[in-house]
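Here is a short walk through a predicted model. Keep the sequence and the 3D view open side by side.

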Amino acid sequence: MIISQEFALNAPREQVWDFFLDVPRSSACMAGVEGVTQVDEKTYRGRIQVKVGPLRAGFSVTVELSEVQPPERLVMLVQGDDRATGSLVRAVVTALLQPQGERTLVSYQMDLSIRGALGRFGGTVIQDVARKMTEQFVECVERSLAAPVGIDERQDG
């Protein structure tokens, strides 16, 4: 399943790029993400709690920054599993950052595969969850970019 979205941030491209590559800081803006640790230069591990339809799942996730082209293109491979629901997730996420004056247009495409209990939900339900998560992420990123560095703007929700 392909999920594509686009949003504008009120910050210059280099600032947005630096924020995205500060994985502990940027992942704090993703609802349900916790326990992010760096494994090596390009690999991170953590957990994400999601609710899809009536099911809740807690995925152990590995994220690999597979392609990094500063400050315009970032490709990540995300893989995870939730033992409670027997679900597996794999996604290739490509993010493009385009300058628009003092703003940055971010467009991303996610090639998502979900197997197991969560995979039984239709594309519309999963797309709706992705849209809501993106809205929450954008709101948190805006607050974080406007705040002085060092202030934690974590948004759970």
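**From one residue to its strands**

Gln109 is partly exposed, because its relative accessible area is 40%, and partly exposed covers the range between under 20% for buried and over 50% for exposed. This residue sits in strand β7.

Now look at what surrounds Gln109. Leaving aside residues up to four places away in sequence, Gln109 touches Ile2, Ile3 and Ser4. Gln109 also touches Val92, Val93 and Thr94. Tyr44 offers another reference point: 65 residues separate Tyr44 and Gln109 along the chain, and their C-alpha atoms are 20 Å apart.

Next, follow the strand pairing. Strand β7 covers residues 103-115 and runs antiparallel to β6. How many bridges pair β6 with β7? The count is 13 bridges. One of the partnerships links Leu96 to Ser107 in β7. The two strands form a hairpin with two residues between them. Gly101 in this hairpin has a positive phi near 65°.

Step back along the chain to β5. Strand β5 spans residues 73-82, and strand β6 spans residues 87-100. These two strands are also antiparallel, and ten bridges join them. Where does Leu74 find its opposite residue? Leu74 faces Ala95 in β6. β5 and β6 make a hairpin too, with four residues between the strands. In that turn, Gly86 has a positive phi of about 65°.

Put the pieces together. Strand β6 pairs with β5 and with β7, and Gln109 belongs to β7.

Key
Residues numbered from 1 in each chain as written. Predicted model: local features only at pLDDT ≥ 70, side-chain atom pairs only at ≥ 80, totals over all residues. Heavy atoms only, no water. Pairing = 2+ DSSP bridges. Buried < 20%, exposed > 50% of the residue type's maximum accessible area, 1.4 Å probe, protein only. Contact = heavy atoms within 4.5 Å.
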